[in-house]
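Trainee: I should like a close look at a single part of this structure, namely its salt bridges and the surroundings of the residues that form them. Please take me through them in one connected account.

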Amino acid sequence: MKIINLSETDSILNQYVSEIRNVEVQNDRLRFRRNIERIGEVMAYEMSKTFAYSVKEIQTPLGIAPVRTPDNPLVISTILRAGLPFHQGFLSYFDYAENAFVSAYRKYKDTLKFDIHIEYIASPRIDGKTLIITDPMLATGGSMELSYQAMLTKGHPSEIHVASIIASQRAVDHIASILPEDKTTIWCAAIDPEINEHSYIVPGLGDAGDLAFGEKE
C-alpha cells in the first residue's frame, strides 16, 4: 500500500494547509472553504499522475492533434458535511467523474465515548472503477472504514484512493490495515502524530465542518 504525505514535498499546498490551521485566518469561512477546495485541486492534480493514459486523436480546426489523456472511470465519494468543499476541489479537476455521498456522524454516549453511524448513501455502481474517497480529517479512521464498507454495497472498485487533508498517524495505520493493500493509495496533505481524549487530531485544526459551515447543535 502506498502512503503519500504531500507535506514532505515543498509546494504551494503547504501554504493552504498553513492557513486552514491558523486560528487568525480560520474566522474567515469563505477563505477556509476555498483553501479546502484548493487543497482538493492540488491533490487531484498529483493523483492524476498515477492514472492510466492513452493517446486520443483530437480534431482541431487545422488538423489532428494526438493527446494523452486519462482513461480511468472515476467515482468521487465524499463524507458529509465537511467534505463538500474538498469534494468540489476534486470535481473541478475531475469534471467527468461520477459522484457519491455518504453521511457519517459521531453519536456520543458521553463527552468522550461515541459510535459512528452511517445514515445515508447515494452512489452509482463502482465495479471496475477508480474510487476516490475524500474526507478532510482522518482522526481515528472509523468514519472512513464505515464509508468504505457502505460503498462496497455498490460494487467493487479496481483501485482505491483515500484522500485526506490532515490525518493522524493512528488513522493512517488503521486505514492501511483494513483496505486492500494491493490496490489502495492513501493521500494526505499532512500527517499529525496523535489524537486527544476527544478523538481530535493534535495539532490538527479543530472541527473542519464547523469552521466551514458554522457550529451545529
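Mentor: Glu98 counts as partly exposed because its relative accessible area is 33%. In this predicted model, its side chain meets that of Lys129 in a salt bridge, with an N to O distance of 2.6 Å. Glu98 belongs to strand S5 (residues 98-108), whereas Lys129 sits in the loop between strand S6 (114-122) and strand S7 (130-134), so the bridge ties together parts that are 31 residues apart in sequence. The partner is the buried one of the two: Lys129 has a relative accessible area of 17%, and the limit for buried is under 20%.

This pair is one of 8 salt bridges in the structure. Side chains of opposite charge can pair when their charged atoms come close. Another such pair is Asp71 with Lys56, where N and O are 2.3 Å apart. Here too distant parts of the chain are linked: Asp71 is in the loop between strand S3 (63-70) and S4, and Lys56 is in strand S2 (residues 53-60), with their positions 15 residues apart in sequence. Asp71 is partly exposed, at 38% relative accessibility, and Lys56 is likewise partly exposed, at 25%.

A further bridge joins Arg125 and Asp127, whose closest N and O atoms lie 2.9 Å apart. Arg125 is partly exposed at 45% relative accessibility, and Asp127 is partly exposed at 40%. Elsewhere, Arg34, Glu37 and Glu41 are linked in a network of salt bridges.

Glu41 leads from the charged pairs to the nonpolar interior. Leaving out residues up to four places away in sequence, Phe90 touches Glu41, and its other contacts are Gly40, Met43, Ala44, Met47, Ile76, Ile132, Thr134 and Ala163. Phe90 is also, with Ile39, Met43 and Phe94, one of the residues that touch the most other members of the largest nonpolar core, which has 34 residues. Among the elements that each supply at least two residues of this core are helix H2 (29-48), strand S4 (74-80), helix H3 (83-93) and S10. The largest share, 7 residues, comes from H2. Apart from this core lies another, of 21 residues, including Val75, Ile126, Met144 and Ala167.

Strand S10 (residues 184-192) also holds Thr185, which counts as buried because its relative accessibility is 11%. Beyond its neighbours within four places in sequence, Thr185 is in contact with Lys2, Ile4, Ile160, His161 and Val162.

Methods:
Residues are numbered from 1 along each chain as its sequence is written. This is a predicted model: local features need pLDDT of at least 70, side-chain atom pairs count only at pLDDT 80 or more; totals for chains, interfaces and linings use all residues. Side-chain values use heavy atoms; hydrogens and water are left out. Helices (H or I, at least four residues) and strands (E, at least two) are DSSP runs, numbered from the N terminus. Buried means under 20% relative accessible area, exposed over 50%, partly exposed in between (1.4 Å probe, protein chains only). Contact means heavy atoms within 4.5 Å. A nonpolar core is a set of buried Ala, Val, Leu, Ile, Met, Phe, Trp, Tyr and Cys residues joined through side-chain atoms within 4.5 Å. A salt bridge is a side-chain nitrogen of Lys or Arg within 4 Å of a carboxyl oxygen of Asp or Glu.
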